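Okay, thanks for making time, everyone. Let me put the structure up and then walk you through a few spots in it.

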Amino acid sequence: MFRICLDPTRLRHFLPPLLLAACGVVLIGVIWHSVLGQIERERIEAIARAEQRNTNLAIAFDEYVTRMIRDADGASRYVAREYARLGARVDIRALMADRLVDPRLFSAVDIIDRNGVLISSSLEDGLPVAFGDLVRMHADGGDEVRIGKPQPVRPGGPTAIPVTRRLPAAGGGVGGVVALYIEPARFTGFYREASMQPGDVLALVGLDGIVRARRVGATERYGQDATGGALLQRQASQLSGTHAGRSVHDGVQRHYSYRTLAGYPLIALVGAADDEIYGALRPRHRRERQEATLATLLVILSGLGIAVVYLRQGRTLVRLEETQRFAQSTIDALSKHVAVIDREGVILRVNKSWRDYAGSEGVPADILEGDNLLKACDKMAGDGNPDAAAMAELLRGVAQGGRRGGNVEYSVRRGATARSFQVYVSRFEGPGPVRVVVAAQDISWRKQVENQLRESELRFKSMAANIPGMLFQLRWDDQGRAFTFVSERADEVCGMPAEQLAADSAAFFDLLHPESRYSFEETMACSRQALKEWNWEGRLRLAQRGGDKWINLRATPRAASPGTVIWDGAIFNITESKRHETSLLEARTALVELAAHQLSIKDEERKHIAREIHDELGQRLTVLRMDVLMLPRTVAADPAAMQAAVNDMRDGIDGILRIVRNIASDLRPAVLDIGVVEAIEWLVEEFRSSLGIACSFRNLAGEVTLDEERATGVFRILQESLTNAARHARASRIVVRLLRQGKALCLEVQDDGIGFEPAQPRRARSYGVAGMRERAAMLDGELGIFSGTGQGTRVRLVIPYAPQTMEK
């Protein structure tokens, strides 16, 4: 064989196959170099993305842990101050019950003296564990907090991480420590908030090499010794960074990012498993290797085929025709409309799909083999078709070598029918004439769906923005509960933007009022278990928004999957409704009390009148009757005494008349029959003469005529105002003014007494002011009371007044 190849006369027969084989080897090398290079680039990019994600999570985890330790530091300082103030009498359980020390963050709080003896604790029973070790951590006398190793809080109890602060001794040194215990799960709770992958690791490692907290998926670990690992070696030279390696705890290969906490001997570590990093790439890389293998086989087979051409040209021509038919059948089997054009834009070949569609509607025009696609696009672009202009630009750029390929959307409208296409343009690489493949895919259905989806989203957003409440979607599963959607009006209901509420769902549940939290949880559980409508009403604590807010929640649940429930509903602000309801109840209660008081006043008046009639009038009538009976005897015995007896009876009758006038005046002063102005003057004069308080009346309204009902109402309101000034105001001077203001009559009573604060709640059984307001309302008027401590009191009554109407 070698002799044949070396024979100069026969070498020319083997030279073309040898050259073809060399080209095949080069082509195979290029294919594998491209495929392996692409695989390596994607692997490096995936690692870079994972390291960047790990770094971002490590920074967030650093801030998360630092914030939690600072909270512990602040709590320890507060407990230390309370201990310095109260000594052993400090009640830590009361501090935690009052949330002065957060019971959700700390599982226990202890105060330990310098000998390791427990002084005070938030736990009620159990023996201390390793308290001496907690004191010895502060042997150097530093004031910073110290973070111990995970240990049981009490024998048989849960494991927690002690965060301690030194209690100074009287003469210096360590007088004891305040220990706050944080469960490792509080630190690794960041795992759930960061939505990490099942194979990712989140760990908090001390500079002493002891793992404070570690979580992989749902598995929690702590207390392991990581002294022999690469983490501490790298941290010694670089406070933060990345590295890759196999975990000494579970043997999983990961890429890690770590950060040393500023001011604390802790390292925040985040790691992503290689399986998670490369999981999405491996199928594609496997497919690319398979395609490269297939291409290699094709190259080899092509080379062998071409070699056979030189040996068996007849069979090669047949195989070439079969290959052409196979290629045509292959592109004819494609659903896309495919055409091959040359550098000038002339169509060389189209598939069956292109031919059939061009014969019916034309894509992008009625052109087939031999027609110039580029010129057709230029013509339509000149007619003002922007899609044709974009397609012509793409075709020209790819055909002339300025672009490797690209795609553009193209719309076709004929009559009432509109179709949309995604046109892909690519160029054959390699030597030979320029060949450009144009493939058009019908995307009309996708565009229609996108338009409908966009319109639906716009309608929903418009409806949600105009509904006077917050629309939401709440999801409950084994990971907890979280809002997956919140409308833009969340700020009006919950006092926080929709973006913040969607990112931090727990913030909403923290706003629940303690008195409403139980009913919220109970109704939510009933709705979740029975899949029935959730209807709840309660309060939110919004200190920055002016106090509590009442809300009404209505939602409909549905089971998304086993163990997962989703509620779709709305939350409405019903604070004003609740306030109106409370105001109505208070007003109703006040009216009932006032009515009862009025009845009691009537009963007292009746008793008083009965007493006056019985005691005074009855006695005087009895005496008069006796005088009348004795008159004949007196006249018979002494006729001269008749005049004296008649005088005595006349005096008795005058006294009876005075009693009757007094009773009538108490029921309704007769002076009201003269006029309201005269009645006011009489009342002011009676008040001044009976109580000795300087009281004056100024009539600025002139002659005033009121009907009997209005006159009586004004008179009684003035009477009650003067009585209140005498009883409660300690006034030395009172001024009464009557004046007109447009079509209204105004009565003012001003005193210089001690005054009061109108905003303060009224005293129990204080019905005077309530009665005055009711009388004012019966007169279609308004009663205003203006006062302040040490500023006296001014009562102002305004009622409608039309003189002509009053006279009629």
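**Cysteines, rings and a pocket**

So, starting with disulfides: the count comes to 0. Keep in mind that this is a predicted model. Two of the cysteines are worth a look anyway. Cysteine 23 is exposed, at 52% relative accessible area, whereas cysteine 746 is buried, at 1%.

Now the aromatics. How many aromatic pairs do we get? The count is 10. Take phenylalanine 472 with phenylalanine 483: their ring centres are 5.8 Å apart and the planes sit at 90°, so this pair is edge-to-face, given that anything over 60 degrees gets that label. Phenylalanine 472 belongs to strand β18 and phenylalanine 483 to strand β19, so the pair ties together parts 11 residues apart in sequence. And are these two buried or exposed? Phenylalanine 472 has a relative accessible area of 3%, and that makes it buried; phenylalanine 483 is buried too, at 6%.

Those two rings are also part of a cluster. Ring pairs link Phe472 and Phe483 with Phe508, Phe509, Phe520, Trp534, Trp536 and Trp567.

We also have arginines sitting over rings here. Arginine 481 lies over the face of phenylalanine 509, 4.1 Å from the ring centre. Then there's arginine 528, whose charged end is over the ring of tryptophan 476, at 4.0 Å from its centre.

On to the pocket, the second largest one. Its volume is about 1,600 Å³. It has 36 lining residues, and the closest to the centre are Arg192, Glu193, Asp504, Ala506 and Asp510. Which elements supply at least two residues each to that lining? Among the helices there are α2 (8-86), α5 (184-188), α6 (190-193), α16 (498-503), α17 (506-510) and α18 (514-530). On the strand side it's β18 (470-477) and β19 (480-486), and you'll remember β18 and β19 from the phenylalanine 472 and phenylalanine 483 pair. As for the chemistry, the lining splits into 15 nonpolar, 6 polar and 15 charged residues.

One last stop, arginine 349. You'll find it in strand β14, residues 347-350. Arginine 349 is partly exposed, with 41% relative accessibility. Its C-alpha is 9.1 Å from that of glutamine 328, and the two residues are 21 apart along the chain.

That's my tour; over to you for questions.

Definitions and conventions: Residues numbered from 1 in each chain as written. Predicted model: local features only at pLDDT ≥ 70, side-chain atom pairs only at ≥ 80, totals over all residues. Heavy atoms only, no water. 1 Å grid on protein atoms, 1.4 Å probe; cavity = no way out; pocket = protein on both sides within 12 Å on 5 of 7 lines; lining within 4 Å. Points joined across faces, edges and corners; volume = space filled by probe spheres on them. Helix = DSSP H or I, 4+ residues; strand = E, 2+ residues; numbered from the N terminus. Nonpolar A, V, L, I, M, F, W, Y, C, P; charged D, E, K, R; others polar. Disulfide = S-S within 2.5 Å. Buried < 20%, exposed > 50% of the residue type's maximum accessible area, 1.4 Å probe, protein only. Phe/Tyr/Trp six-rings, centres within 6.5 Å; stacked < 30°, edge-to-face > 60°. Lys NZ or Arg CZ within 6 Å of the ring centre and 35° of its normal.
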